[in-house]
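Okay, thanks for coming, everyone. I'll put the structure up and walk through a few spots, starting with the aromatics and then moving on to the empty spaces.

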Amino acid sequence: MLSVLMLPLWAQALIFVGGAVTVAMLARWVVNAAHGGQTFGRAREAANILRQPTTTLVAMTLALSGIQVIGEFHRTEADTAREASVLERLYRDAQAYGDVQTAEFRETLVAYVESVVDKEWYAMRRMEEDPATKQIFGRMLTLSHQMSASTQREQMWLNDMMTQVNLSADLRRARISSAQASMPWIFYLVVISGTTVILCFSALLSTGPGSEAVIVSHAVVIGLTLLLVVSLDLPFSGSLGVRPDPFLAALDNIRLLAEP
């Protein structure tokens with residue numbers, strides 16, 4: 001599934017929609033090639049009776065799954081933007097705390113943001129965590145815990161820095177979890193088998209003008225719905241994945257702050 005998401009969006013659409021249409025038309029060909037008879041007629045009647053409730057059940061499953069993955073996708077986008085904002089604020093706090101005392105911490109923070117954009121984002125597309133980026137973040141945590149305030153002003157900035165460091169750690173953990181989590185395989189098994197049954201039921205429509213167009217349109221809708229669910233299931237993978245734009249914007253702002 002991950003290899004499919006690495007393809008361009010038009011290729012993904014071709015696979016899902018083309019697969020659904022192929023299954024529908026193959027089932028239609030089998031029905032037309034089958035010999036008639038009382039048994040076949042009863043099977044067609046039973047399929048026509050079951051088609052509506054089965055279609056409704058699978059449609060509801062796809063709709064609820066689509067709502068879930070879309071909600072997760074938007075939540076991941078919001079958390080990503082928030083994490084970038086927290087890191088930018090953390091740099092501002094470190095700069096206000098003192099240029100000399102936090103020089104190494106600020107350098108490490110910049111290196112971490114750059115590593116997230118340049119390395120970890122590509123690792124997350126493969127549902128992985130980049131070890132080098134994780135190591136840099138660990139170094140940043142160590143440096144933050146080694147700081148000690150000598151004045152009330154420094155203590156104020158240090159308290160805010162520690163709050164932002166802990167928040168960035170939580171948001172990073174949530175980002176990595178979102179990159180590595182996906183729908184269980186049983187979900188895809190149920191959905192694909194259910195949609196296949198629906199397409200086979202559609203193939204039992206009585207022959208006549210426009211029947212093939214109805215079957216094909218049914219297959220196209222199912223294929224596009226599956227494409228939506230699968231593409232948004234892994235929020236950092238594929239052409240529809242979350243982009244590191246908030247981190248790039250935060251990095252630009254940090255570099256402006258670092259200018260003398």
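So, there are three aromatic pairs in this structure. Take W121 and F236: their ring centres sit 5.4 Å apart and the planes are at 85°, so we call that one edge-to-face. Keep in mind, by the way, that what you're looking at is a predicted model.

Where do W121 and F236 sit in the chain? W121 is in helix α4, which runs over residues 103–125, while F236 is in the loop between α8 (211–233) and α9 (245–258), so the pair ties together parts that are 115 residues apart in sequence. And are they buried or exposed? W121 has 5% relative accessibility, so it counts as buried. F236 is buried too, with a relative accessible area of 1%. There's also a third partner to mention: W121, F236 and F247 make up one aromatic cluster.

One more ring before we leave this topic. If you find F137, you'll see R172 there, with its charged end sitting over the F137 ring, 5.6 Å from the ring centre.

Okay, now a residue you might skip past, T102. You'll find T102 in the loop between α3, which is 38–97, and α4. What's its relative accessible area? For T102 the value is 0%, so this residue is buried. And what does T102 touch, once we leave aside neighbours within four places in sequence? Its contacts are A94, Q95, Y97 and M147.

Let's go over to α9 for another buried one. I254 is in that helix, and its relative accessible area is 1%, which makes I254 buried. Not counting residues up to four places away in sequence, I254 touches L87, E88, Y91, L109 and V110. If you want a distance to get your bearings, take I254 and A123: these two are 131 residues apart along the chain, and their C-alpha atoms are separated by 24 Å.

Now for the backbone. Most residues other than glycine have a negative phi. So have a look at M127, where phi is near 65°, a positive value in a residue that isn't glycine. M127 is in the loop between α4 and α5, and α5 covers 131–145. With a relative accessible area of 25%, M127 comes out as partly exposed.

Right, empty space. The way to find it is to roll a probe the size of a water molecule over the atoms, which shows where space is left.

How many cavities of 30 Å³ or more do we get? The count is one. The largest cavity holds about 30 Å³ of space. Its lining is made by R75, T76, D79, T80, A174, R175 and S178. The elements giving two or more residues to that lining are α3 and α6, with α6 being 152–180. Of these, α3 gives the most, with four residues. By class, the lining of the largest cavity has one nonpolar, three polar and three charged residues.

On to the pockets. The largest pocket has about 240 Å³ of space. There are 14 residues lining it, and the closest to its centre are F16, A20, I192, T195 and L226. Which helices are involved? At least two lining residues each come from α2 (9–33), α7 (185–202) and α8. As for chemistry, the lining of the largest pocket has 11 nonpolar and three polar residues, and no charged ones.

The second largest pocket has a volume of about 170 Å³. It's lined by Q68, V69, E72, R75, S177, S178, A181, S182, M183, L232, D233 and P235. Here the elements that give two or more residues are α3, α6 and α8. The largest share, four residues, comes from α3. And by class, the lining of the second largest pocket divides into five nonpolar, four polar and three charged.

If you're following along on the screen, look at R75 and S178. Both are in the lining of the largest cavity, and both turn up again in the lining of the second largest pocket.

To wrap up, two spots to click on when you open the model yourselves: the aromatic cluster of W121, F236 and F247, and M127 with its positive phi. That's it from me, happy to go back to any of these views.

Conventions:
Residues are numbered from 1 along each chain as its sequence is written. This is a predicted model: local features need pLDDT of at least 70, side-chain atom pairs count only at pLDDT 80 or more; totals for chains, interfaces and linings use all residues. Side-chain values use heavy atoms; hydrogens and water are left out. Rings of Phe, Tyr and Trp (its six-membered ring) pair if their centres lie within 6.5 Å; planes under 30 degrees apart count as stacked, over 60 as edge-to-face and the rest as tilted. Buried means under 20% relative accessible area, exposed over 50%, partly exposed in between (1.4 Å probe, protein chains only). A charge sits over a ring if NZ of Lys or CZ of Arg is within 6 Å of the ring centre and within 35 degrees of the ring normal. Contact means heavy atoms within 4.5 Å. On a 1 Å grid over the protein atoms alone, a cavity is a set of points where a 1.4 Å probe fits but cannot get out, and a pocket is an open set with protein on both sides within 12 Å along at least five of seven lines; lining residues have an atom within 4 Å of a point. Grid points are joined across faces, edges and corners, and a volume is the space filled by probe spheres set on the points. Ala, Val, Leu, Ile, Met, Phe, Trp, Tyr, Cys and Pro count as nonpolar, Asp, Glu, Lys and Arg as charged, and the others, Gly among them, as polar.
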